[in-house]
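Please open the model in a viewer and keep the sequence panel at hand. The tour proceeds by selections, each followed by a description of what is found there.

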Amino acid sequence: MNDRTSGPERAEHEELARLLPAPAERDLPPGRHLHHKDTLMHLIDQDGDRTTARPRPRLLRPAVLLPAAGLALGGVLLTTLTVTGQERAPAPSAAGTGSHATAPRGAAVLLDRVASVAAKKGEQKVTGDQFVYVRTLQTENEGKFDGPVKLTEPREREVWITQKSGPVIDEGLIHQDGSYIPITVGVPDGETAVGYPAGLSRPTYTWLASLPTDPDALLQRLATEITTDQDARDTPAEDRDPDQDAFDAIGELLRETVMPPKTAAALYKAAAKISGVTEDSDAVDAAGRHGIGVARDNTRAGWRTAWIFDSTTLEYLGERSYLTRDTSMGKKGTLINQSAVLERAVVNALRERPSTEKPSTTT
């Protein structure tokens, strides 16, 4: 695995792996379990010599220890959740029971409206020398590996992601809790680092713009990308839900990216073709903003995830997840994931913010 761990560290990570919850409790979408891996690696290795693996977008699933997709610490990682307190979310509505090829009419109409708005945004010119900057609010799970969620207050996180097509070793930077954490591909001792090109695990603006804009072709492309993911390859086909994988993959791409308008519109139209996608009439993000949600139940894991949009502008606000049945994480209805996107931009350097002209010269 891609991690510079010593023998004792590997032993510690193997012990952590032994504590992994049952599969239903760690059924993360492709990439989500990497969202906070950088933070874990930073905390475990306090001597500053640890490289941190890239947090794939988006963020934030309700499990604590999970197998990593090719970049793990000795095969496991700690996923910190974007959630707010033990508040109870509204009881989920029933999932659609119509065609396997489309969402119920309410969700499909909403997604079509969202797609129309997204398509009207202006294209951006993004070069490989630039960085996508995203500022979010997230809370984290400080509970035990297989116990109830214990959540922090919302915390601000900034991320800068290189837009090079790759392969790259240095993928960006995170600013969280007062620390700047490099996002770097880690390697075992004695091995050469292998960079990662742009793709589903590192979605640059240019890569996103290259995706098909026909919804059916886009879903097929995402399915192909998912099957090349290490975590997906390690999971038996009978244990995967292609519809859930597609929903989760699209959710990943909506988070810590700047999205080309045509691609965004295509993703929303593709989501409307996923069976079981429904509408949430009221959903709240980590910043307390109310909006309308597009949701899907992960029946295997026992939670529902909703993408939240402003009910007036239809802008993407964030995401939330809550339990749809009692699990070791909490009672049915317990909120286990909540995030809010506050700002997105393309900048010219690490540590540069949209409101500043020049970044800090230190790293």
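Leaving aside its neighbours within four places in sequence, with which residues is Leu200 in contact? Select Leu200 in this predicted model and display its surroundings: the contacts are Trp207, Leu222, Glu225, Ile226 and Leu253. Leu200 itself belongs to the loop between β6 and α4 (205-209). With a relative accessibility of 12%, Leu200 counts as buried. Add Ala249 to the selection: its C-alpha lies 8.1 Å from that of Leu200, although 49 residues separate the two in sequence.

**The helix pair α5 and α7**

Next, select residues 215-227, which form helix α5, and residues 242-253, which form helix α7; their axes come within 10 Å and cross at roughly 90°. This crossing makes α5 roughly perpendicular to α7. To see the contact itself, show the side chains of Leu219, Leu222 and Ile226 on α5, together with Asp245, Ala246, Ala249, Ile250 and Leu253 on α7. By class, the residues of this contact comprise 7 nonpolar, no polar and 1 charged. Leu222, Ile226 and Leu253 have already appeared among the contacts of Leu200.

**From α7 to its salt bridges**

Keep Asp245 selected and add Arg240. The two side chains meet in a salt bridge, with an N to O distance of 2.9 Å. Are these partners buried or exposed? Asp245 counts as buried at 10% relative accessibility, and Arg240 is buried as well, at 17%.

Now move to Asp241 and select Arg296 with it. Here, too, the side chains form a salt bridge, at 3.5 Å from N to O. Asp241 lies in the loop between α6 (230-233) and α7, whereas Arg296 lies in strand β8 (residues 290-298), so the pair ties together parts that are 55 residues apart in sequence. Asp241 is partly exposed, with a relative accessible area of 23%; Arg296 is buried, at 7%.

**Strand β8 and its two neighbours**

Extend the selection from Arg296 to the whole of β8. Of its 9 residues, 8 are buried, so the strand is largely enclosed by the rest of the structure.

On one side, select β7: it pairs with β8 in the antiparallel sense over 5 bridges. Within this pairing, Val284 stands opposite His290 in β8. The two strands form a hairpin with 5 residues between them, and Gly288 in the turn has a positive phi of about 80°.

Then select strand β9 (residues 303-309), which pairs with β8 in the antiparallel sense over 7 bridges. Arg296, the salt-bridge partner of Asp241, stands opposite Thr305 in β9. This pair of strands is likewise a hairpin, with 4 residues between β8 and β9. Gly302 in its turn has a positive phi of about 90°.

**The whole sheet**

Widen the view to the sheet. In what order do its strands run? The 9 strands form an open sheet in the order β6-β5-β4-β3-β11-β10-β9-β8-β7, with antiparallel pairing. The edge strands are β6 and β7 (278-284), each of which pairs on one side only. Ignoring direction, neighbouring strands of this sheet are turned by 25° against each other on average.

**Towards the β6 edge: β4 and β5**

Follow the sheet order to β4 and β5. These strands pair in the antiparallel sense over 5 bridges. Select Trp160 to locate one of the pairings: its bridge partner in β5 is Leu173.

Finally, select Arg155 and Asp177. They form a salt bridge whose closest N and O atoms are 3.6 Å apart. Arg155 lies in strand β4 (residues 155-162) and Asp177 in the loop between β5 (170-176) and β6 (179-184), so the pair ties together parts that are 22 residues apart in sequence. Arg155 is partly exposed, with a relative accessible area of 25%. Add Glu140 and Glu142 to complete the view: these two residues, Arg155 and Asp177 are linked in a network of salt bridges. To place these pairs in context, display every salt bridge in the model; a search of the whole structure finds 19.

Technical notes:
Residues numbered from 1 in each chain as written. Predicted model: local features only at pLDDT ≥ 70, side-chain atom pairs only at ≥ 80, totals over all residues. Heavy atoms only, no water. Axes fitted to C-alpha atoms, helices over the stretch in contact; angles between N-to-C directions. Parallel < 35°, antiparallel > 145°, perpendicular 65-115°, else oblique. Contact = heavy atoms within 4.5 Å. Nonpolar A, V, L, I, M, F, W, Y, C, P; charged D, E, K, R; others polar. Salt bridge = Lys/Arg side-chain N within 4 Å of Asp/Glu carboxyl O. Buried < 20%, exposed > 50% of the residue type's maximum accessible area, 1.4 Å probe, protein only. Pairing = 2+ DSSP bridges.
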